[in-house]
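Good morning. I will take one structure and go through it piece by piece, starting from a single pair of residues and working outward.

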Amino acid sequence: MALWPLLLLTLGVWLLLRKWKLLKVGISLPGPWAFPLLGNAQMVGKLKPEFIFLVFTELRDRFGSTYRLWLGPQLWVFLHSAEETRQALHDPTLLKAETFLQLEPLIGNGLLISHGAHWTRQRRLLTPAFQPQLLRYFAKDIGKHVDRLVSRLESTKGACLEVTDPLFACLLDAIVDTSMGAQLDTQLMDHSPAIQAFHLSSKLLFKRMINPLLSSDWIFQRTQLWRDLSEQLQVIHSLMDQVIEQRAKKLEEQQKEPSGKLHHNLLDTLLLARFEDQPLSRKEIRDEINTFVFAGVDTTTAAMSFVLYALAKYPETQSRLREELKLHQLPKDADLDSLNELPYLEALIKEVLRMYTIVPTTGRQTTRTTVIGGRTYCAGITLWINMYGLAHDSLYYPDPYAFKPERWLASEGVNPPPAFSYIPFSGGPHVCIGRRYSLLLMKLLTARLVNEFDLRLSPENAPLKLQAQMVLKARDGINLSFVKR
Ligand code: HEM
């Protein structure tokens, strides 16, 4: 019996010595009262992970722009100032936070979680494929998928509809078509196994990410969750393998017998790449295209559903956008250049991405001693960047919870907010590679839907409750009616 206090004391001293540097950083920062050994784990454990970004924002109000939480022996530091965020996002010694690495079964070593020489190589290879002059060619093909969405919405005859699923199908088809040259046609199906597999795998991966008990691969691979995930991943991987093989064959035929001009897409860039005379392996290619689908479809769907929600909720915004579209007399198949000339459309999308920060937080891991915002951090700390908090900070945005597209209109004499307070696509070297692509998709969709329909909120719509899973969503969905104009 008398051994217990001694054992605990020895464990305490051992932890103290091992974690001394970490403790020093933790002690120097404000934060809620932390219990010995447990830290704030009890408090964090009680929070619903879906609403944690709101709690992080509240803690900023209590403890200032930089504060800490202890999760047992792990130190989490929250950065809420634009300047610290800028420094963190440019710090080459930081890696993506370890929880993101749990996406590996789906996206392997794809751009979103890779680092070091592999990330540099892939980022250099793929950046040119996202240039505006190449995205320009996508507009026509995206239009085909938007036509299908319009038909689907027309068929509701103004009855109320939850918009997320139809938007997801449209964007999945459009992204796979334009970036990989394949037709999934999920919009034409009542039930698509591909959509189900993407939804379920994302849900299961998120379940794992928020459960610290499943962080070990060894434990995770012995759970039902893993077996369910593997089943869905098999559907996704075999679909993507087919997409790759079909396109590789097409490229080969084109090279043998050139017929007409084939505009190269993202998948072509990967298939044609050579490093030290070696092509990328099929697995490397699949990792990257799964990354595009994973990082691109859910995010753009969420953003578009909030655009439609805002248009329906604020009819004056809808009317002002319609006036702008009328003034510019855009054709049905408007291209990127004409869409980029619409300042109110641009301001509307910017405000939606601020107000409903689609990726509310991101995390980085310190790997060695580094200085951010004048404070020294040792290795082993998780730094959380609260993009939602920054975008709702009254220091940067007067009346931050009001929806005001006008705050982005230079013509109305408004000064832009400081850099790195507005980072819906993150910033620094890891800035979202697909940002222009998603803006093109959103502008095309928004302009077309506002021209075709009056958007109205369903009377049954409960007040909007935000919830963060992989991305920010409306907890109870977004129910709208589309009344043909
Ligand atoms: C509204 C839509 C989108 C939003 C809000 C968004 C947001 C983000 C954010 C915040 C990051 C950085 C994460 C971090 O720093 O930890 C990111 C990275 C990334 N995004 Fe997006 N994204 C969107 C659309 C897309 C699309 C359409 C694609 C591709 C088709 C894409 C592909 C990627 C990739 C590959 C990365 C990793 C970049 C790197 O680390 O080098 N995203 N995105």
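Please find Leu455 first; its bridge partner is Phe482, which lies in β14. Keep in mind that what you see is a predicted model. A second pair in these strands is Asp454, whose bridge partner in β14 is Val483. Together, β11 and β14, the latter being residues 479-484, are joined by five bridges and run antiparallel.

Now look at the other neighbour of β14. The strands β4 and β14 also pair in the antiparallel sense, over three bridges. Here Leu161 has Leu480 of β14 as its bridge partner.

Put these together and you have an open sheet of three strands, in the order β4-β14-β11, with antiparallel pairing. The edge strands are β4, residues 160-162, and β11, residues 453-457, and each of them pairs on one side only. From one strand to the next, the twist averages 40°. A helix lies against this sheet: α15 packs on it and touches β11 and β14, with a direction at about 85° to that of β11.

A general remark on strands, since you will be looking at several of them. In a regular strand, side chains alternate between the two faces of the sheet.

Next, the other sheet I want to show. How many strands does this open sheet have, and in what order do they come? There are five, ordered β1-β2-β10-β7-β3, and the pairing is mixed. At the edges stand β1, residues 66-71, and β3, residues 94-96; each has a single partner strand, so one side of each has no neighbour in the sheet. On average, and ignoring direction, neighbouring strands here are turned by 30° against each other.

We can walk through some of the pairings. β1 is joined to β2, residues 74-79, by six bridges, and the two run antiparallel. Within that pair, Leu69 has Trp76 of β2 as its bridge partner. This sheet also has a helix on it: α4, residues 52-63, touches β1, β2, β7 and β10, and its direction makes about 95° with that of β10.

Further along, β7 and β10 are joined by five bridges and run antiparallel. In this pairing, Thr361 stands opposite Asn386 of β10. β3 and β7 pair in the antiparallel sense as well, over three bridges. There, Lys96 has Arg364 of β7 as its bridge partner.

Now back to α15, which we met on the three-stranded sheet. It also packs against α13, residues 224-256, at an angle of about 110°, with the axes 10 Å apart. The two helices α13 and α15 are therefore roughly perpendicular to each other. From α13, the contact uses Ile236, His237, Met240, Asp241 and Ile244; from α15, it uses Arg282, Ile285, Arg286, Ile289 and Asn290. Sorted by type, the residues of this contact are five nonpolar, two polar and three charged.

There is another helix pair to compare with your own view. The helices α16, residues 315-328, and α20 pack at an angle of about 100°, and their axes are 10 Å apart. So α16 and α20 are roughly perpendicular to each other. On the α16 side the contact is made by Gln318, Leu321, Arg322 and Leu325, and on the α20 side by Ala447, Val450 and Asn451. These residues divide into four nonpolar, two polar and one charged.

That brings us to the ligand. Which helix gives the most residues to the shell around it? The answer is α15, with seven residues. Both α15, residues 282-313, and α20, residues 435-452, supply at least two residues of that shell. In total, 24 residues surround the ligand, and the closest are Gly296, Thr299, Ser426, Cys432 and Gly434. By type, the shell has 13 nonpolar residues, nine polar ones and two charged ones.

Last, the whole chain. Its secondary structure comes to 20 helices and 14 strands. Along the principal axes, the C-alpha trace spans about 80 × 55 × 40 Å. Why compare the radius of gyration with that of a compact globule? For 485 residues, such a globule would have a radius near 23 Å; the protein chain has 24 Å, so the two agree.

That is the end of the tour. Please turn the model yourselves and find Leu455 and Phe482 again, the bridge partners where we began.

Notes: Residues are numbered from 1 along each chain as its sequence is written. This is a predicted model: local features need pLDDT of at least 70, side-chain atom pairs count only at pLDDT 80 or more; totals for chains, interfaces and linings use all residues. A residue is near a molecule or strand if its C-beta atom, placed from the backbone, lies within 6 Å of it. Helices (H or I, at least four residues) and strands (E, at least two) are DSSP runs, numbered from the N terminus. Ala, Val, Leu, Ile, Met, Phe, Trp, Tyr, Cys and Pro count as nonpolar, Asp, Glu, Lys and Arg as charged, and the others, Gly among them, as polar. Axes are lines fitted to C-alpha atoms, for helices over the stretch in contact, and angles run from 0 to 180 degrees between N-to-C directions. Angles under 35 degrees count as roughly parallel, over 145 as roughly antiparallel, 65 to 115 as roughly perpendicular and the rest as oblique. Two residues are in contact if their C-beta atoms, placed from the backbone, lie within 7 Å. Two strands pair if DSSP finds at least two bridges between them. The radius of gyration is taken over C-alpha atoms; the globule rule is 2.2 Å times the number of residues to the power 0.38.
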